[in-house]
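Here are a few exercises to work through with the model open in your viewer. Try each task before you read its solution.

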Amino acid sequence: MAYTLVLPALALLAFFFIFSSLYNVELSLQKISLFQTATGKGEFIGFKNFVELLRDPNFYGVLRNTALWLTVVTVLFRLALGFGLALLLNSTALKRFRLSGLSRVLIFIPWGVPPVVAVAIWKWMLHSRYGFLNLFLQKMGLIHQPIYFLTSVSVVWISIFMVIVWRELPFAVITFLAGLQSVPSELHEAARIDGANGLQQLWYITLPLLKPITAIIGFMITIWTFNNFVYVWLFTGGGPGNFTQVLGTKVYLESFVNYRVGYGATIGVIMTIIMVIFGIVYFKVLFQPSLRK
Amino acid sequence: MKKNILGNIQDLVIVIVTFLVIGIMLFPFFWMVVSSVKPPDELLSRSIRFVSGQFTWRNYKGIFEAGFLQFILNSILVCSISTGLCVYLIALPAAYSISRYKFPGKSLIVVIMGFTQMFPWIILVTPVFMFFCIFHLVNSYLGLIITYVAITVPFSIYMLMGYFETIPKNIDDAAAIDGCSTLGTIFRVILPISSPGLVAIATYTFAITWNEFLFALTLMIQTEKKTVPVGIANFLGQYSADWGVVMAASVVAAIPTVIFFTIIQRRLVGGLLAGSLKQ
C-alpha cells in the first residue's frame with residue numbers, strides 16, 4: 001500500500017526529471033535540429049558538440065558572466081542585505097510600535113510579483129527617456145545626460161542586478177527572519193546579564209546560530225540564480241551584443257532560436273556538471289564544518 | 001530617565017530606517033500601479049507625477065483589446081487544474097505514505113525529491129520539448145498541465161509531510177477501526193483535517209504556476225494558447241512598447257499572486273525551511 005500511494009508521484013518525477021535528464025545527455029551527443037522532432041533522433045556525432053563548445057572563446061565569457069555577475073554578486077548582496085533587513089524587522093523597536101506584522105507583509109510583496117512583471121516594471125523604471133530613475137536623477141541634478149541602462153555596457157549589469165535583487169531579496173529576508181526567531185531569547189538575556197552589548201550578542205550568539213541556515217539559503221539561491229533564464233532573457237536578451245549572455249539564455253538561444261538542439265543540450269550537460277562540482281565543494285567546505293559546530 | 005529618552009530615539013530611528021527601506025522596495029510596485037492609469041501623454045512626459053493627473057482606464061481596455069483575456073483564461077485553466085491534480089491527487093497520498101509508513105527505499109525517495117526540487121528547469125526544457133513533440137503534447141493544455149504538476153509536486157510533498165507530522169496517528173487508527181480503507185482514511189479523514197494546510201500549499205502551487213514563464217514560452221507556441229506571463233513578454237517585446245498597456249497587464253498579472261503570497265506568507269516560510277532543512 002505504501003508504494004501504491006507514492007507511485008504516481010514517483011512515476012511523474014522519474015519521467016519528467018530523470019528520464020529527461022538522460023535524454024538530454026543523449027541529445028548532447030547528436031547533431032539534431034529542432035525540426036527533427038518526428039523521431040526525436042538525430043545523427044550521432046560523439047563528443048563533437050562538447051569540443052566545439054569548449055573551443056568557443058565566447059563560452060568562457062558567458063561562463064564568467066553567469067558565475068560572477070549573475071550569481072556571486074547578486075547572491076552576496078542578497079545575503080548581506082537580507083540579513084540586515086531581517087535584523088531590522090526583528091528589532092524590539094518595531095514590536096514596541098506594533099509594526100512588525102505590517103512590515104513583514106509589506107517587505108514580502110516584491111516576491112509575489114511574477115518575474116516577468118518584475119522585468120517589465122524595471123524596464124519602464126529604467127527607460128532612457130521617460131524612465132523614473134533617469135528623470136529623478138536629472139531633476140536632482142546628479143546627471144545631465146540620460147543613462148542608457150539597458151544598452152550601455154558600463155551599467156547594464158547594474159540594471160540586471162537591480163531587478164534580481166529587488167524581486168528575490170524578500171526570500172532571503174523572510175528566511176533569515178524565521179532563523180532569527182528560532183534563536184532562544186534566553187540566550188540573549190543570559191548574555192545581557194553577563195554584560196554583553198548588542199554587537200557582542202550579534203557576533204557571539206546570533207551569527208553562529210544562524211550559520212546552518214545561511215549555508216542553506218546561500219546554496220539554494222546560488223543554484224536558482226546560476227540557472228536563471230527569465231531575467232536576462234527578457235531584460236537584455238543577452239545584449240548588447242553578447243555582453244550579458246549567460247548559460248541559461250545560451251541554452252534557450254541555441255535550442256530554440258538557432259534550432260541546434262544537440263548543442264543546447266550540451267550546454268545543459270555542462271551546467272549540470274558545474275553544479276554537481278559546486279554542490280560537492282560547497283557542502284565539503286561550508287556546510288559540514290558549520291553543522292559540526 | 002535619560003537612558004529611556006535615548007532608547008526611545010534609537011527605537012524611532014530604527015522604525016524610520018526600516019520603513020524607508022520598505023518604501024524603496026515598494027516604490028517600483030507603486031510606480032507600476034500609477035503608470036497603469038496614466039494616459040500616454042502623461043507617461044511620455046519629462047515631469048515626474050506621483051499620481052495620475054488624468055486618471056484613465058484606457059490601458060486596461062487596451063490589454064483586453066489586444067486579446068489578453070484569452071491569456072488569462074488559459075492561465076486560470078492550466079494553473080487551477082494542475083494545482084488540483086498536484087496537491088490533492090498526487091502529493092496528498094504520497095506525503096501521507098511517506099510520513100505514516102516505514103518501507104525500504106523511503107529515504108531514497110525523499111532524497112530524490114530533494115534533488116528534483118533543486119533541479120534547474122532550463123536544463124529540462126530542451127529534452128521535454130523534444131519528448132512532447134513526439135507525443136503531440138506541444139501546444140496542448142495537457143502538456144503544460146503535466147509539466148506544472150511535475151515541477152510543483154516535490155515541494156508540495158515536502159510541505160505536506162511537515163504538516164502531517166502535526167496530525168496524531170490515533171486518528172488514522174480510529175478511522176481504520178471504524179472500517180475505513182487506506183484511501184478512505186486519506187480522502188475522508190485526513191483531507192478535511194488538513195484542509196488549512198492543503199489550501200495554503202495549493203495557493204502557493206497556483207502562484208508558482210501562474211508566474212512560470214520558461215515552459216509556457218517553449219511549450220505553447222500558438223498565440224491563442226499562451227499564458228499571462230508570455231502574453232506580457234509579447235507586449236514587452238514589441239518594438240515600441242506601449243508602457244501604459246504593459247503596466248496595466250503587469251498589474252493584472254501581479255494582483256493574484258501578491259494577494260496569495262501575503263495571505264499564506266507565514267505558513268509558507270515554515271514549509272520552505274522545513275523542506276530545505278530535510279535535504
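**Exercise 1. Crossing helices between chains**

In which hand of crossing, left-handed or right-handed, does α1(A) pass α7(B)? Work out the geometry and the residues as well.

Solution. Keep in mind that this is a predicted model.

- Step 1: start with the axes. Those of α1(A) and α7(B), the latter spanning residues 141-164 of chain B, are 9 Å apart, and the packing angle is about 130°.
- Step 2: name the orientation. An angle of that kind makes α1(A) oblique to α7(B).
- Step 3: read off the hand. The crossing of α1(A) past α7(B) is left-handed.
- Step 4: list who touches whom. From α1(A) come A:A9, A:L12, A:L13 and A:F16, while α7(B) supplies B:V149, B:A150, B:V153, B:P154 and B:I157.
- Step 5: sort by class. The contact of α1(A) with α7(B) has nine nonpolar residues, no polar ones and no charged ones.

**Exercise 2. A second partner for the helix**

Find the angle at which α1(A) packs on α6(B), and say what that makes the pair.

Solution.

- Step 1: locate the two helices. Helix α1 covers residues 2-28 of chain A, and helix α6 covers residues 121-134 of chain B.
- Step 2: get the numbers. The angle is about 90°, and the axes sit 9 Å apart.
- Step 3: classify. With that angle, since 65 to 115 degrees is the range for it, α1(A) is roughly perpendicular to α6(B).
- Step 4: collect the contacts. A:S20, A:Y23, A:N24 and A:L27 on the α1(A) side meet B:I123, B:L124, B:T126, B:P127, B:V128, B:M130 and B:F131 on the α6(B) side.
- Step 5: count classes. The α1(A) and α6(B) contact holds eight nonpolar and three polar residues, and no charged ones.

**Exercise 3. The whole interface**

How many residues does each chain put into the contact, and which element of chain B gives the most?

Solution.

- Step 1: count. Chain B contributes 76 residues and chain A contributes 73.
- Step 2: find the top contributor. On the chain B side, α13(B) gives the most, with 17 residues.
- Step 3: split the chain B side by class. You get 60 nonpolar, 14 polar and two charged residues.

**Exercise 4. A pair inside chain B**

Describe how α8(B) and α9(B) cross.

Solution.

- Step 1: take the helices, residues 170-177 and 182-193 of chain B. Their axes come within 10 Å and cross at roughly 145°.
- Step 2: give the hand. The crossing of α8(B) and α9(B) is right-handed.
- Step 3: pick out the contacts. B:I171, B:D172, B:A175 and B:A176 of α8(B) meet B:T185, B:V189 and B:I193 of α9(B).
- Step 4: classify them. The α8(B) and α9(B) contact has five nonpolar residues, one polar and one charged.

**Exercise 5. Backbone oddities in chain A**

Where do A:P240 and A:R98 lie, and what sets their backbones apart?

Solution.

- Step 1: check omega. From A:G239 to A:P240 the peptide bond is cis, with omega near 0°. A:P240 is in the loop between α11 and α12 of chain A.
- Step 2: check phi. For A:R98 phi is near 55°, a positive value in a residue other than glycine. A:R98 sits in the loop between α4 and α5 of chain A.

**Exercise 6. Where to trust the coordinates**

Which element of chain B has the lowest mean pLDDT?

Solution.

- Step 1: look at the overall scores. ipTM is 0.90 and pTM is 0.91.
- Step 2: go by chain. Mean pLDDT is 89 for chain A and 88 for chain B.
- Step 3: go by element. In chain B, α13 (residues 243-278) is lowest with a mean of 78, and α11 is highest with 96.
- Step 4: zoom in. Over residues 275-279 of chain B, pLDDT stays under 50.
- Step 5: draw the consequence. Where pLDDT is low, predicted coordinates shouldn't be read in detail.

How values were computed. Residues are numbered from 1 along each chain as its sequence is written. Chains are lettered from A and ligands numbered from 1 in the order in which they are written. This is a predicted model: local features need pLDDT of at least 70, side-chain atom pairs count only at pLDDT 80 or more; totals for chains, interfaces and linings use all residues. pLDDT is the predictor's confidence in each residue, from 0 to 100. Helices (H or I, at least four residues) and strands (E, at least two) are DSSP runs, numbered from the N terminus. Two residues are in contact if their C-beta atoms, placed from the backbone, lie within 7 Å. Ala, Val, Leu, Ile, Met, Phe, Trp, Tyr, Cys and Pro count as nonpolar, Asp, Glu, Lys and Arg as charged, and the others, Gly among them, as polar. Axes are lines fitted to C-alpha atoms, for helices over the stretch in contact, and angles run from 0 to 180 degrees between N-to-C directions. Angles under 35 degrees count as roughly parallel, over 145 as roughly antiparallel, 65 to 115 as roughly perpendicular and the rest as oblique. A crossing is left-handed if the near helix is turned anticlockwise from the far one by less than a right angle, and right-handed if clockwise.
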